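Me: Please take a close look at one part of this protein and explain it in plain terms. I would like to hear how a pair of helices meets.

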Amino acid sequence: MKRYLEEKFGLTETGAKGLLKGSWSFFFYYFSFVPPLLIVFSFVERSLAGKNLNPWEYFVYLVIGAVIMYVITNMNYKITYNETYKEAANLRIDLADSFRKIPLSYFSKHDVSDLAQTIMADVSAMEHALAHALGNCIGFIFYFTMVSVFMLLTNIPLALSVILPILGAIIFLFLSKKKQLQIRKKHYITLRKISEELQSAIEMNQVIQSYGLKEKIKNQIRRLLKESERLQWKSEVTAIVPMTLANHMGTLSIGITIAVGIKLLEQGQITLLYLIGFTIAAAKISLALGGLLSYIGEIFYIDARVRRIREIRNQKVKEGKKGTFKDFTIQLNHVSFAYEKGFPVIEDITFTAKEKEVTALVGPSGCGKTTILRLISKLYDVDTGEIIIGGENIKKVDGEDLFQHISIVFQEVTLFNTSVMENIRIGNLSASDEEVIEVAKKAGCHSFIKELPNRYETLIGENGIRLSGGERQRISIARALLKDAPIIILDEITASLDIENEVKIQDSLKNLLKDKTVIIISHRLKSIENADKIVVLNQGRVDHIGKHEDLMLASKLYGNMIEKSVLTEKFEY
């Protein structure tokens, strides 16, 4: 049962256990109404039989029953909500852990706002369902099954009068399930599109303003909001019509029970007490059914969200063993990779980046340079071929273990909304303030940091929005240098820097990259002419490999790139 709940509703193991606890607490909650009814029945039976009554005795019983009801209700409330909030936290942590483990390729195919909505909005919907619907429904099923068996053992015709309309109402509601889920899914997808459009509008605000796209974007969002409203109405109508009809079907149990009971009473097959008892049972179960139907509707509502949560949690994760690298020479053997199947970015790439050497990757835009760096750092896994570091096939090495040996500075800089000091310290969390400052000086950061309002304690905003592009890049470089890993990967690290700071960084790199395995991409070909090895790429394949002088003679493509680079430097506006 626990395993079924875990898979059916995308819960954690703890959440499934908590849901079972909540379900049993709801069972006892429903069952707590039985003892007071039995006391009333006993009172009526003795009254009809003309027996002597002791009102105080029944008053004491009722007080005890009321206390039991209070205790069980309080227990039900505490168990349900405690387990609900615990599972909401567990689900978010579990999803975040899944994001950490699944391959980066997953994120390139899914919008960030979609993932954020899953971890926040979808889990919130699950939280509400756990608190009100799921445990209540399961608890009612236990309760209804037990009461039905008891009624069938007591009197079959009256029991069927109560049970059949209730079952018919539930079955009728489930017959509308497919249609409800279709509309709910469309609405869910539209809400996701709205979230994506809003996030895009906020992130691209500067472009929207400068190109006069305000009305166009506003109209796009407005159309999506109207579509969402239309689907919301449609989903509510699709849900409320069968729910209302099912509720009316459920209330028929009261009338049918009374009609059948009167006939049986006239035939002398039951007593008046039986008729009253079954009528009260029908009324009680019918009343509970009204709430149950809305809870079933809520379970239908969360279906798309449960599927989304399950999809993320069931994604194949990156696995591997701890690496035992004998050195940090990197070998690519016949490596091929495609972001989308059928559209290869690189094909049959083979070269070696030796330890204590600088290997440069050059080639036209889109030839696969950055992709190779991502594969070496295991942000993506190769489709075919293998990448060997120090004798280890990195596909079999744990990603987190591999990352400990690699410092990366990519073209796209990512900074956190915290202080400059903490952004650099990410490279080595145990580094002292003095070590952070020292590496900042070597990366050319210190000069602008000391001009900030709070120097190294200045908050730089989301993704370093309060800094210039060059300043953000230099902090990213300082972070990588602080890590001091044996493998250093640099992708266009000077793309956003002015000449003065580029010279400073290049001077510091001469010492900092000493005795490391260095792979670098730079659009300024002058800066890589002295590299130990240059790999020229063209349309995802290796064109030539060698030193600058050799390539000038052997590679027509490399010669053309050098020529264009010289012309670019001579260009005047």
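Reply: What follows describes one pair of helices.

This is a predicted model, in which local features need pLDDT of at least 70 and side-chain atom pairs count only at pLDDT 80 or more, while totals for chains, interfaces and linings use all residues. Residues are numbered from 1 along each chain as its sequence is written, and side-chain values use heavy atoms, with hydrogens and water left out.

The pair consists of helix H7, residues 156-175, and helix H11, residues 272-301. Helices here are DSSP runs of H or I with at least four residues, numbered from the N terminus. The axes of H7 and H11 come within 10 Å and cross at roughly 10°. An axis is a line fitted to C-alpha atoms, for helices over the stretch in contact, and angles run from 0 to 180 degrees between N-to-C directions. H7 and H11 are therefore roughly parallel to each other, a term for angles under 35 degrees.

Contact means heavy atoms within 4.5 Å. On the H7 side, the residues that meet H11 are Leu158, Ala159, Val162, Ile166, Ala169, Ile170, Leu173 and Phe174. Their counterparts in H11 are Tyr274, Phe278, Ala282, Ile285, Ser286, Leu289, Leu292, Leu293, Ile296 and Phe300. By class, this contact of H7 with H11 has 17 nonpolar residues, one polar residue and no charged residues. Ala, Val, Leu, Ile, Met, Phe, Trp, Tyr, Cys and Pro count as nonpolar, Asp, Glu, Lys and Arg as charged, and the others, Gly among them, as polar.

Elsewhere, the largest nonpolar core has 41 residues, where a core is a set of buried (under 20% relative accessible area, 1.4 Å probe, protein chains only) Ala, Val, Leu, Ile, Met, Phe, Trp, Tyr and Cys residues joined through side-chain atoms within 4.5 Å. Ile424, Ile449 and Ile534 have the most contacts inside this core, and its largest share, six residues, comes from helix H18 (residues 469-483).

Conventions:
Helices (H or I, at least four residues) and strands (E, at least two) are DSSP runs, numbered from the N terminus. Angles under 35 degrees count as roughly parallel, over 145 as roughly antiparallel, 65 to 115 as roughly perpendicular and the rest as oblique. Buried means under 20% relative accessible area, exposed over 50%, partly exposed in between (1.4 Å probe, protein chains only).
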